[in-house]
Amino acid sequence: MSTNEAMIEQSWFLKSRVQESIVGYLQAQGYAIISASDGGDGDGQDIVAENAAGPLWLAVIGFPPEQLEVAETQHALAGKWFTDTLLRVLTWKAEIDTSGAKVAVALPDVQRYRKLARDTKWMRNMVRFNLLWVREDGKVDAQPRLK
């Protein structure tokens, strides 16, 4: 493994790192982790947790590293990952309505995602899901706060 590849694997904003931070945060908030994916990009929930208030479904998204060796730019790829994640959450809508699950999207706290979140606030209001921002130090900022 090259030094560059090793640096990318250790990056705080990768999906696996974001997910690790979120699992720790949820456990500290009193949630039991029912399942957590291995970091794959399926259509289901990446994390399913539960507390006394009921189930919580999470979609987790990372941020592309700068050292991409693909045709897309980091900016464009991040936008695609963000919109794909929001679409995935929208497809859960019928199940959310019948299960009573709360929904959240967990993502690294980077400027590109902050802007996209502001631009899609109307959608969060319609579908009612939280954003869990993972900072570089691993701390989590829930908006709005999970109950």
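A contact here means heavy atoms within 4.5 Å. Keep that in mind while looking at the whole protein chain: among contacts between residues at least 6 apart in sequence, 62% join residues at least 24 apart.

Some ground rules. This is a predicted model, where local features need pLDDT of at least 70 and side-chain atom pairs count only at pLDDT 80 or more, while totals for chains, interfaces and linings use all residues. Residues are numbered from 1 along each chain as its sequence is written, and side-chain values use heavy atoms, with hydrogens and water left out.

Now switch to cartoon view. You'll find 6 helices and 6 strands, running α-α-β-β-β-α-α-β-α-α-β-β along the sequence. Helices (H or I, at least four residues) and strands (E, at least two) are DSSP runs, numbered from the N terminus.

Turn on the surface next. About 8,200 Å² is exposed by the protein chain, and carbon and sulfur atoms supply 52% of that (Shrake-Rupley method, 1.4 Å probe). Of the 147 residues, 44% are buried, meaning under 20% relative accessible area.

Next, select residues 74-91 (α3) and 111-119 (α5): their axes, lines fitted to C-alpha atoms over the stretch in contact, come within 10 Å and cross at roughly 45°. That makes α3 oblique to α5, as the angle is neither under 35 degrees, nor over 145, nor 65 to 115. The crossing is right-handed.

Finally, show side chains. From α3, pick His75, Ala78, Gly79, Trp81 and Phe82; they meet Arg112, Tyr113, Leu116 and Ala117 of α5. The residues of this contact divide into 6 nonpolar, 2 polar and 1 charged, with Gly counted as polar and Arg as charged.

Key: Buried means under 20% relative accessible area, exposed over 50%, partly exposed in between (1.4 Å probe, protein chains only). Axes are lines fitted to C-alpha atoms, for helices over the stretch in contact, and angles run from 0 to 180 degrees between N-to-C directions. A crossing is left-handed if the near helix is turned anticlockwise from the far one by less than a right angle, and right-handed if clockwise.
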